[in-house]
Amino acid sequence: MDCDLLVIGSGAAGLSAALTGARSGLRVVLAEKDAVLGGTTAWSGGWIWSPGNPVARRAGIAEDPQAPRQYLQSVLGNNFDAAKVDAFLTHAPRMVEFMEAAGIAFQGGNHIPDTYSHQPGAGMGGRSVIAAPYDGRDMGALIGLLRPPLRETSFMGMTIQAGPDLRAFLTMLRSARAFAHVTRRFGWHLWDLLRHGRGMQLRNGNALVARLMKRSADAGVTFLTESPARELIRRGGRICGAVLDGPDGPVTVHAARGTLLATGGWSQDMERRAQQFPAPATHATLAVPGATGDGMRLAEAVGAVQDRSLASPGAWCPVSQVPWPDGRTGTFPHIIERGKPGIIGVLRNGRRFCNEGLGYHDYVTALLAATPGGQVPESWLICTRAFQRRYGLGVSRPAPLPEHGWIKRGYIMTGKTPRDLAQACGIDPDGLERTLAEWNRHAVRGEDPEFHRGTTPYMRLQGDPDVTPNPCVAPIARGPFYAVRVIPGSFGTFAGLASDGRARVLDAQSAPIPGLYAAGADMASVMGGHYPAGGINLGPAMTFGHIAALDAAGLLNKD
């Protein structure tokens, strides 16, 4: 096959590049190793960090254009790469504008602060966007190529979007309007399951992938599924395509203008994980099974190198192991409940070790640092049954859905008293009793002198506005008491291929390898191994995919 741009991988980075390339006049082939498209993006929350984006500007949010750079400089420290950061900040809003012009509809995160909202230059809202909900019927036959949402983070295959949609589900028994919203959504979902065999009200990362797929197909992109790349083709020092293992045999794709690696990183590469991840034996990733480091190996075979200078090799997230009734085990990311009032995280000694309301990456970083050498990094989220009924706990949903099945299968541990709970979990009973007594003594006044929960806009947004004086702090006093075991996990990898601000892959001498680009988790993260805001995986993924396609088309930085 002949094309101008070959894209290997179909997550946010690959689809962004494919759509950009096709609408810039390139013949684009997108190759995916799996039978479905979307990669880990299709399982994600779908938020895209893009400071200065047009959605925020239309909402009247105007900020100093230097503020995002100042913020990243403050957070990234020695991992701040000025050239890559400047390329990202320049092109991220342009990427959103381009996608809107291509027919991708977005909604704004106009009230979502950056994670470290106390740092200089931090945004108080408007720096993130998410794909608008999408009706899967609009895709036609393409819906069969869309990766279904993750079982653990959807409800019977129905995705629920952060913001008003999620609040309605959490408050459906306390608000007539919320109850009506949930009833309507779930009724349509049941109808879709009966008629189409899957949910059609697409939200989050599933909506983003679906929209990108549809617009890419409309623009003439050729999709090749079940076609992993075997090797890159190199002629005269330039990468000019790849050999794919197609379902009917090898396929050689000649790419005249460029080849982009966007295979999703190496979260499922056990050998590389054993070398680079802390506590790899315990680690549970949320990346798709196909994220086995294909892009890394393809690039290293032609002289590329991995950038291992980042602060962290992975995008950490606390997770729990989910025992499903059918005997399968899943992985659940603990994103929402940690910042709510009336829950704490403790180690085996019964003591807290971090501010539970900070970012998910920070929780795991603190857990790893607090775990003595040679011990398994694990913690328990401790709350009461009343908390679980109001907010949920891990994969167990709040009322009116029952939690008894999760207790029976050992996902939720219970105890009438803190000592009973500690003994059920294998936690030091004296340590947990002392911790809860100390927590409750201050929590009645909404205070957390040890870790200062609820003292920044980011933390307060994660809390419950109906709880005063601190939306993030409440006593854990009246049993029965519940706990869920939480271990280190990740959304994906940060330590990708060394690359520059034009998304070009670099060799050991830091020189670009002609014709070869990387984006998404295949590219070393512009965030330097830090997690300064929600959406810092998909935002750079889409932006550098966009940059790579423009560069291949000879249009980068041209109006």
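This report looks at the domains, one strand and one buried residue of a predicted model.

**Domains.** Let's start with the overall layout. The protein divides into domain 1 (158-197), domain 2 (222-313 + 493-553) and domain 3 (315-490). Measuring from centre to centre over C-alpha atoms, domain 1 and domain 2 are separated by 37 Å.

**Strand β18.** Next, have a look at strand β18, which spans residues 481-493. Of its 13 residues, 11 are buried, so the strand is largely enclosed by the rest of the structure. Its pairings with other strands are set out below.

| Partner strand | Sense relative to β18 | Bridges | Facing residues |
|---|---|---|---|
| β12 (residues 284-285) | parallel | two bridges | Ala284 opposite Gly489 |
| β13 (residues 314-323) | antiparallel | six bridges | Pro318 opposite Pro488 |
| β16 (residues 379-384) | antiparallel | six bridges | Thr384 opposite Phe481 |
| β17 (residues 413-415) | antiparallel | three bridges | Gly415 opposite Phe481 |

Phe481 is worth finding in the viewer: this β18 residue stands opposite Thr384 and is also the bridge partner of Gly415.

**Phe169.** Now turn to helix α5 (residues 164-170), where Phe169 is found. Is Phe169 buried or exposed? Its relative accessibility is 13%, and because buried means under 20%, Phe169 counts as buried. Which residues does Phe169 touch, leaving aside its neighbours within four places in sequence? Its contacts are Met158, Ile160, His181, Val182 and Arg185. As for Arg297, that residue lies 128 residues from Phe169 along the chain, and their C-alpha atoms are separated by 43 Å.

Technical notes:
Residues are numbered from 1 along each chain as its sequence is written. This is a predicted model: local features need pLDDT of at least 70, side-chain atom pairs count only at pLDDT 80 or more; totals for chains, interfaces and linings use all residues. Side-chain values use heavy atoms; hydrogens and water are left out. Helices (H or I, at least four residues) and strands (E, at least two) are DSSP runs, numbered from the N terminus. Buried means under 20% relative accessible area, exposed over 50%, partly exposed in between (1.4 Å probe, protein chains only). Contact means heavy atoms within 4.5 Å. Domain bounds come from an automatic or database domain assignment. Two strands pair if DSSP finds at least two bridges between them.
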